[in-house]
Amino acid sequence: MNGLSREVIEGLHSPLARVVEVHEALASTQDRARELARAGTPDGTLVVAGVQTGGRGRLGRHWGSPAGGLWMSLVLRPEFGASLAPRITQTAAVGVAKALWEVGVETRIKWPNDLLANGKKVCGILAESSARHAGGPANNRRLDYAILGVGMNANLDPADLGVRDREITTIRSELGHDLDLLDLLRALLTNLAVEMGRIRDFGAVLDEWRNLNCTLGENVRVRRFGETVEGRAVDLTSEGALLLAAPQGTIEVFEGEIEHLAQGRDAESAP
Ligand code: BTN
């Protein structure tokens, strides 16, 4: 499958890929990973598919996943409370962005975790988690598992993805050639392991996020609580929420999707 097999991936000796499943085709690696997590698979289980027939994106969207992409989900069992689970999404975005820079794709993070190359989406991240009560006070919940899905538009043309409503790109379009998916996976696993390993030091992760992002300084539009708000993205809170300076005051945006309204920022140098 695109040069990827269980044996070659296991040969990477990544702590995130101790158990590996490779499928020619699956409905969704996310769903298969969750099935394995519920059955007790250990931390560091990786599911990869050549094609997904029911790939899922954020906000319940369909995620087109034809041959040539890297469609994968990781089962993680971090030793921290459920309250830290929301950190996974931006921490993963930093790891994935660094991996893309390493393989030559100049990538920026659009809040919270879209990976853009030349302003177009090249990769999406979907973090889902399950918590359980850990005894004691009602709010004492442990993270049972998290499923981290990464959808990388790799060796494809944008037209292959069948997306009409958003600007998308692929690694092939950006680099002008295909990548060895094993090299890409190696870079992803290495960088994700480093960033996930320091998720408790979230201030440092968010500093990296700031270095890599393309949202701060932009005028953005966000739909929240049934209304549309516009403002200037000024910073993040200590837990990664987006702070907007809006006519009605400072607004914290915790989740959802934002729209960049203008290209206000000068391009920055590589991290
Ligand atoms: C987004 O909407 O930006 C997130 C997209 C995440 C897609 C990946 S592809 C691998 C994994 N399996 C899925 O069904 N979704 C995620």
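This dialogue examines the ligand site, the cavities and pockets, and two backbone features of a predicted model.

Colleague: Where should a reader begin with the ligand, and which residues come nearest to it?

Modeller: One begins with the shell of residues around the ligand. Here the shell holds 18 residues, of which S28, Q52, R56, R58 and K121 come nearest.

Colleague: How many residues of that shell are nonpolar, polar and charged?

Modeller: The shell is read by sorting its residues into classes. Five residues of the shell around the ligand are nonpolar, nine are polar and four are charged.

Colleague: Which atoms of R58 and K121 lie 2.6 Å from an oxygen atom of the ligand?

Modeller: Polar contacts are read from pairs of N or O atoms, with a cut-off of 3.5 Å. For R58, a backbone N or O atom is 2.6 Å from a ligand oxygen. For K121, an N or O atom of the side chain lies 2.6 Å from an oxygen atom of the ligand. A contact to a ligand nitrogen can be added: an N or O atom in the side chain of T29 is 3.0 Å from this nitrogen atom.

Colleague: How much of the ligand's accessible area does the protein cover?

Modeller: The area that the ligand has on its own serves as the reference. That area is 410 Å², and the protein covers 99% of it.

Colleague: Which elements give two or more residues to the shell around the ligand?

Modeller: Here one reads helices and strands rather than single residues. The elements in question are the helix α2 (29-38) and the strands β3 (70-76), β6 (120-133) and β7 (141-152). The largest share comes from β6, with four residues of the shell.

Colleague: How many cavities of 30 Å³ or more are there, and what space does the ligand take?

Modeller: Cavities are sought with the protein atoms alone. The count is two cavities of 30 Å³ or more. The largest cavity holds about 220 Å³ of space. Its lining comprises 24 residues, with R56, G57, W63, G124 and L126 closest to the centre. Two or more lining residues come from each of α2, β3, β6 and β7. The ligand occupies the space of this largest cavity.

Colleague: What does β6 give to the lining of the largest cavity, and how do the lining residues divide by class?

Modeller: The strand β6 supplies four residues, the largest share of that lining. By class, the lining of the largest cavity has six nonpolar, eleven polar and seven charged residues.

Colleague: What volume does the second largest pocket have, and which residues lie nearest its centre?

Modeller: A pocket, unlike a cavity, is an open set of points. The second largest pocket has a volume of about 550 Å³. Of its 23 lining residues, P86, T89, P112, F254 and E255 lie nearest the centre. The elements giving two or more residues to this lining are α3 (87-102) and β6, and β6 gives the most, with five. The lining of this pocket divides into twelve nonpolar, seven polar and four charged residues.

Colleague: Is the peptide bond from W111 to P112 cis or trans?

Modeller: The angle to inspect is omega. The bond from W111 to P112 is cis, with omega near -5 degrees. P112, one of the residues nearest the centre of the second largest pocket, is in the loop between β4 (107-110) and β5 (114-117).

Colleague: Is phi of H13 positive or negative, and where is H13 found?

Modeller: Here the angle to inspect is phi. H13, a residue other than glycine, has a positive phi near 55 degrees. H13 is found in the loop between α1 (6-10) and β1 (19-26).

Terms used. Residues are numbered from 1 along each chain as its sequence is written. This is a predicted model: local features need pLDDT of at least 70, side-chain atom pairs count only at pLDDT 80 or more; totals for chains, interfaces and linings use all residues. Side-chain values use heavy atoms; hydrogens and water are left out. A residue is near a molecule or strand if one of its heavy atoms lies within 4 Å of it. A polar contact is a pair of N or O atoms within 3.5 Å; within protein, one must be able to donate a hydrogen and the other to accept it, and residues adjacent in sequence count only if both atoms are side-chain atoms. Accessible areas come from the Shrake-Rupley method with a 1.4 Å probe; for residues, only the protein chains shown count as cover. On a 1 Å grid over the protein atoms alone, a cavity is a set of points where a 1.4 Å probe fits but cannot get out, and a pocket is an open set with protein on both sides within 12 Å along at least five of seven lines; lining residues have an atom within 4 Å of a point. A molecule sits in a cavity or pocket if more than half of its atoms lie within 2 Å of its grid points. Ala, Val, Leu, Ile, Met, Phe, Trp, Tyr, Cys and Pro count as nonpolar, Asp, Glu, Lys and Arg as charged, and the others, Gly among them, as polar. Grid points are joined across faces, edges and corners, and a volume is the space filled by probe spheres set on the points.
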